[in-house]
Amino acid sequence: MSKLDLTRRQFMGVFGATAAVAGLGLVGCGGNTASTEGDEGAADAALAGSISCSGATSFQPLVEKAADAFMDANPDVSVAISAGGSGQGLSQVAEGSVQIGRSDVFAEEKLEADQVEGLVDNQVCIVGMGPIVNANVDVDDITTDQLKGIFLGQITDWSEVGGTAGAIQVIQREAGSGTRATFENAVLAGETAPDSFRPVAEVDSSGTVVEQVAATEGSISYVAFNYMENDGVKALSVDGVDPTQENVENGDFLIWAYEHMYTRSDEDESTAPVTKAFIEFMLSEDFAATVVEEGFIPMADMKVKKDVDGNITEIA
């Protein structure tokens with residue numbers, strides 16, 4: 001993405017977002033555009049209603065920003081955002097207890113086929129992910145094979161990967177985390193750690209990962225790009241490739257995932273207009289500036305795509 005593109009998006013994000021939200025709200029309601037003189041009795045219905053969105057923590061801050069802007073422009077709308085991880089978000093949207101389930105992984109990776117059947121996959125942006133270590137670890141680059149060895153419990157000392165001798169303290173995400181699933185799919189390639197391998201901690205959110213890594217000497221974990229710029233931690237390059245948005249867009253950095261906002265195809269008509277309008281706003285050109293500022297990649301910027309099996313191919 002060029003600096004010119006980013007500047008244009010930032011301009012539009014500041015001056016156009018509110019208007020875009022209001023406009024999308026009307027589209028979501030199925031209403032017409034502004035009434036014209038002479039159309040007696042014609043009026044646009046205001047967007048109204050409450051929806052809930054749960055799931056992945058990796059892009060929760062981005063969704064919260066979108067929800068705030070969306071609700072500011074639509075005073076009769078309420079969007080409740082909660083965490084819980086991708087597994088919980090997918091389960092809840094499948095059972096109908098929330099209108100939107102956020103996930104870092106395809107629903108097919110977490111749910112049974114009959115649960116996936118009624119879901120609609122809305123891919124709203126891209127998240128890059130990579131390893132972080134405690135700031136005092138004197139390693140800056142690591143190979144995929146070395147990462148694999150660490151998270152399988154086969155490599156246990158920093159001296160084995162070019163650092164100063166000291167125990168490697170693995171901090172893991174909890175089972176059901178989409179960030180964990182993405183990382184393991186890209187790095188472990190189907191292998192699983194033996195039962196004898198015990199991380200020093202398993203935590204339930206990306207924010208907690210950062211806190212634990214910053215506080216634990218010799219520690220390593222992984223987070224989305226937007227969590228890497230924090231005191232006490234540093235990001236590692238992988239196979240000599242820096243974890244940047246440009247490298248994800250080009251297909252050079254391989255640890256990334258779609259951010260999905262799953263909905264139900266049979267959603268109740270009392271909430272469906274709000275759900276539709278909110279997702280349209282997340283995908284709008286006017287919100288793209290915020291997507292970039294929060295460390296994510298707009299769908300339109302990708303030069304490669306990934307399928308449910310993890311195969312990465314160029315976009316024609």
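Which residue just after H5 takes a positive phi? My notes on that and the rest follow.

1. It's Gly153, with a phi of about 80 degrees. Within helix H5 (residues 144-151), Leu147, Lys148, Gly149, Ile150 and Phe151 are buried, meaning under 20% relative accessible area with a 1.4 Å probe, protein chains only. Helices here are DSSP runs of H or I with at least four residues, strands E runs of at least two, numbered from the N terminus.

2. Bear in mind that this is a predicted model, where local features need pLDDT of at least 70 and side-chain atom pairs count only at pLDDT 80 or more, while totals for chains, interfaces and linings use all residues. Numbering starts from 1 along each chain as its sequence is written, and side-chain values use heavy atoms, with hydrogens and water left out.

3. Confidence (pLDDT, from 0 to 100 for each residue) has a mean of 87, and 86% of residues reach 70 or more. Over residues 1-44, though, pLDDT is below 50.

4. Helix H2 (residues 60-73) packs with helix H9 (residues 272-282) at about 115 degrees, the axes being 10 Å apart; axes are lines fitted to C-alpha atoms over the stretch in contact, and angles run from 0 to 180 degrees between N-to-C directions. Among the residues making the contact (heavy atoms within 4.5 Å) are Phe70 of H2 and Phe278 of H9.

5. Met282 is worth a look: its partners, not counting residues up to four places away in sequence, include Leu62, Val63 and Ala66, plus Met261 and Val291.

Notes:
pLDDT = per-residue confidence, 0-100. Buried < 20%, exposed > 50% of the residue type's maximum accessible area, 1.4 Å probe, protein only.
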